[in-house]
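Biologist: Please walk me through this model. I want a reason behind each label you use.

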Amino acid sequence: MYLLATDSPEITTSFQGVLRKKGTTTVVGSLFDLRQTLAHHPAQLILIDFGLLVSDPKAEIARTKQLAPDAKVLIVATGLSPETELSLLGAGAAACCGAQLAVDTITRIIDTVLDGGTWLSSAALPLLLKGLGGLGVTSRPGAGNRLGELTPRESQIAELVAGGASNKLIARQLDITDRTVKAHLGAIFQKLGVSDRLQLALYVIGAGPSRSGATAP
């Protein structure tokens with residue numbers, strides 16, 4: 001079951017159609033109704049309107065995870081600061097996203113979360129990577145070994161992604177189109193065996209200094 005908790009007609013309209021294409025979907029208008037529903041029905045994915053988390057968002061997310069430990073939690077909110085977004089992810093959410101998104105973007109976010117991935121905004125990613133880099137976090141043993149398989153241009157893009165750059169910023173910096181950036185990212189994901197930008201960034205960070213041999217454009 002897919003569970004959407006919101007009292008916003010806008011959020012209901014944006015997400016309900018996508019969810020119903022994937023399976024049985026229930027919409028509730030409050031956290032109380034959310035808990036009541038979870039007490040009787042297991043959920044695979046729970047989307048919660050940040051506007052309902054008025055008292056203590058982190059505690060409410062943790063409580064929801066206790067009621068449904070196997071469910072993925074996605075927070076729907078607009079205008080969150082990167083710090084708030086990361087704190088919600090730290091509390092157990094798998095993603096935060098805005099309410100006014102295209103259907104294909106919503107679908108991609110939901111698919112990523114259901115596949116076990118994490119979705120971060122372009123604003124929050126640099127903050128997360130900075131923190132992980134400062135802690136010396138690595139993605140996996142020998143992470144840098146396969147970076148040598150990348151072309152020089154792919155290496156440049158991988159480094160920029162690790163720095164938190166968006167596709168538009170990468171395209172502008174390298175004087176190429178957004179479509180070309182996406183094509184390069186597809187090739188990079190396939191070569192390194194990663195599925196999203198966060199995994200790619202962690203892969204590059206895990207390789208350490210001089211990790212991909214990329215040169216400035």
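Modeller: Start with the nonpolar core. It is a set of buried Ala, Val, Leu, Ile, Met, Phe, Trp, Tyr and Cys residues joined through side-chain atoms within 4.5 Å. Buried means under 20% relative accessible area, exposed means over 50%, and partly exposed is in between (1.4 Å probe, protein chains only). The model is predicted: local features need pLDDT of at least 70, side-chain atom pairs need 80 or more, and totals for chains, interfaces and linings use all residues. Residues are numbered from 1 along each chain as its sequence is written, and side-chain values use heavy atoms, without hydrogens or water.

Biologist: How many residues does the largest nonpolar core have, and which have the most contacts inside it?
Modeller: The largest nonpolar core has 27 residues. Those with the most contacts inside it are L3, L34, L38, I46, I48, I61 and I75. Two or more residues come from each of β1 (2–5), α2 (31–40), β3 (45–49), β4 (72–76), α4 (82–90) and α6 (124–134).

Biologist: What makes a stretch a helix or a strand?
Modeller: Both are DSSP runs, numbered from the N terminus: helices are H or I with at least four residues, strands are E with at least two. The chain has ten helices and five strands.

Biologist: Which residues does I48 touch?
Modeller: I48 touches A5, L31, L34, L53, T64, V73, L74, I75 and V76, leaving out residues up to four places away in sequence. A contact means heavy atoms within 4.5 Å.

Biologist: Where is T37, and why is T37 called buried?
Modeller: T37 lies in helix α2. Its relative accessibility is 13%, so T37 counts as buried. T37 touches M1, L3 and V28, again without residues up to four places away in sequence.

Biologist: Which residues are in the other core?
Modeller: That core lies apart and has 21 residues, among them L160, A171, L200 and Y203. Y203 is in helix α10. Why is Y203 buried? Its relative accessible area is 2%, so the label holds. Y203 and A162 are 41 residues apart in sequence, yet 8.5 Å apart in space, C-alpha to C-alpha.

Biologist: What makes A165 buried?
Modeller: A165 has 8% relative accessibility, so A165 counts as buried. It sits in the loop between α7 (152–162) and α8. A165 touches L160, I170 and R197, not counting residues up to four places away in sequence.

Biologist: Why is G51 called buried, partly exposed or exposed?
Modeller: G51 has 48% relative accessibility, so G51 counts as partly exposed. Its place is the loop between β3 and α3 (57–67).

Biologist: And where is D175, and is D175 buried or exposed?
Modeller: D175 is in the loop between α8 and α9. At 69% relative accessibility, D175 counts as exposed. D175 also has a positive phi of about 60 degrees, although it is not a glycine. Most residues other than glycine have a negative phi.

Biologist: How many disulfides are there, and how do you know?
Modeller: A disulfide is a pair of cysteine sulfur atoms within 2.5 Å. By this rule the count is zero. For C96, the nearest cysteine sulfur is that of C97, 7.9 Å away, so C96 is in no disulfide. C97 is in no disulfide either, with the sulfur of C96 as its nearest, at 7.9 Å. C96 counts as buried because its relative accessibility is 6%. C97 is buried too, with a relative accessible area of 6%.

Biologist: What makes a space a pocket?
Modeller: Take a 1 Å grid over the protein atoms alone. A pocket is an open set of points where a 1.4 Å probe fits, with protein on both sides within 12 Å along at least five of seven lines. Lining residues have an atom within 4 Å of a point.

Biologist: How much space lies in the largest pocket, and how many residues line it?
Modeller: About 1200 Å³ lies in the largest pocket. Points are joined across faces, edges and corners, and the volume is the space filled by probe spheres set on them. The lining has 39 residues, and T105, R108, W119, L120 and R197 lie nearest the centre.

Biologist: Which element gives the most to that lining?
Modeller: α9 does, with five residues.
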